[in-house]
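Let's take a friendly walk through this model, from one strand and its partners out to the chain as a whole. Please have the structure open as you read.

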Amino acid sequence: QPFDQREGVIWFDGAFVPWADAKVHVLTHALHYASAVFEGERAYGGRIFKMREHNQRLIDSARLLDFEIPYSVEEIDRACEETLARQGFVDAYVRPIAWRGSEMMGVAAQNNTIHLAIAVWQWPSYFDPAQRLKGIRLDMAQWRRPDPKTAPSKAKATGLYMICTMSKHAAERRGYADALMLDWRGQVAECTGANIFFVKDGKLHTPTPDCFLDGITRRTVIDLARKRGVEVVERAILPEELAGFEQCFICGTAAEVTPVSEIAEHRFVVGELTQALMNDYQAVVQPAEAAVAAA
Ligand code: PMP
């Protein structure tokens, strides 16, 4: 089913509209100049995991792009929950997006209306489930994450995904599931929609998120690892080090925790720590019994 012809409703500037009617004009500033920010959230058993953190990041991303979303974080939370309920799903993906509208066309659009829409759909697994268990294969991307002086790298801004789509398409054409992107300095950064971790000698290693998204899943995984007593090292990781790592996985709201079996010529096993963290993550995203009973 194409994404513009699905069933149900979309929350659009404060009201529910039929899914197929949630449209914007072709002369929308965001379409021409990438003045849009978004979130990706997941509901498990009717509860959106870390919803407040996601919706606060949405507001913060907009501020980094110099615009203010005309709703409070509480209002956005409530709108996400209502949209989820209206769609009637308990396990679903939640996509809020905010953008500059169409009153003025040109680079400057100081007074254009800021819009907010929220769509909810079922997105069971970002990667092929069979592939997920044995680990996905990553290509090396030809594009690098930009210097934070070149782009608002902390914002979940649509413009930053241009290099992600190009990198992922190139990887898929070569038979890979996704691509590992280096940063502007040539250090390991992240995948096109997920953060990356490595395991060596029982420790987790992950790049310091100084020029890419410090994912909410990434922070969750770090907490889960530390609760297990596993040391987590955030540092600069060079591509030359890939040969020395034993395990690798990526993580994000859509990808959850997904093991990686290959990055270009390097091979990894889906080891015990990766499996333990996959299970820990599934356990922590599920609402507590009490929350389910009360709902
Ligand atoms: N990096 C990129 C480029 C992403 O698109 C995502 C998904 N939002 C992530 C990392 C992971 O972020 P999170 O865990 O907050 O979903």
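## A strand and its neighbours

A hairpin with 3 residues in the link connects S14 to S15. Helices and strands here are DSSP runs (H or I of at least four residues for helices, E of at least two for strands), numbered from the N terminus. The model is predicted, so local features need pLDDT of at least 70 and side-chain atom pairs pLDDT 80 or more, while totals for chains, interfaces and linings use all residues. Residues are numbered from 1 along each chain as its sequence is written, and side-chain values use heavy atoms, with hydrogens and water left out.

Here are the pairings of S15, where two strands pair if DSSP finds at least two bridges between them.

| Partner of S15 | Sense | Bridges | Residues opposite |
|---|---|---|---|
| S8 (residues 136–145) | parallel | 3 bridges | Arg 137 and Glu 262 |
| S14 (residues 247–252) | antiparallel | 4 bridges | Phe 249 and Pro 259 |
| S16 (residues 266–267) | antiparallel | 2 bridges | Ile 263 and His 266 |

S15 and S16 also form a hairpin, with 2 residues between them, and Ala 264 in that turn has a positive phi of about 50°. How many of the residues of strand S15 are buried? For S15 (residues 256–263) the count is 8 of the 8, so the strand is largely enclosed by the rest of the structure. Buried means under 20% relative accessible area, exposed over 50%, and partly exposed in between (1.4 Å probe, protein chains only).

## The cavity

The model holds 1 cavity of 30 Å³ or more. A cavity is a set of points on a 1 Å grid over the protein atoms alone where a 1.4 Å probe fits but cannot get out, and lining residues have an atom within 4 Å of a point. The largest cavity contains about 40 Å³ of space, a volume being the space filled by probe spheres set on the points. Its lining consists of Arg 42, Tyr 44, Phe 49, His 54, Ile 216, Thr 217, Thr 253 and Tyr 281. Strand S4 (41–44) and helix H6 (216–227) each give two or more residues to that lining. Domain 1 (9–121) and domain 2 (129–284) both contribute to the lining, so the largest cavity lies between them; the domain bounds come from an automatic or database assignment.

## The whole chain

The protein chain has 8 helices and 16 strands. Along its principal axes, the C-alpha trace spans about 55 × 50 × 35 Å. Buried residues make up 52% of the 295 residues in the chain.

Conventions: 1 Å grid on protein atoms, 1.4 Å probe; cavity = no way out; pocket = protein on both sides within 12 Å on 5 of 7 lines; lining within 4 Å.
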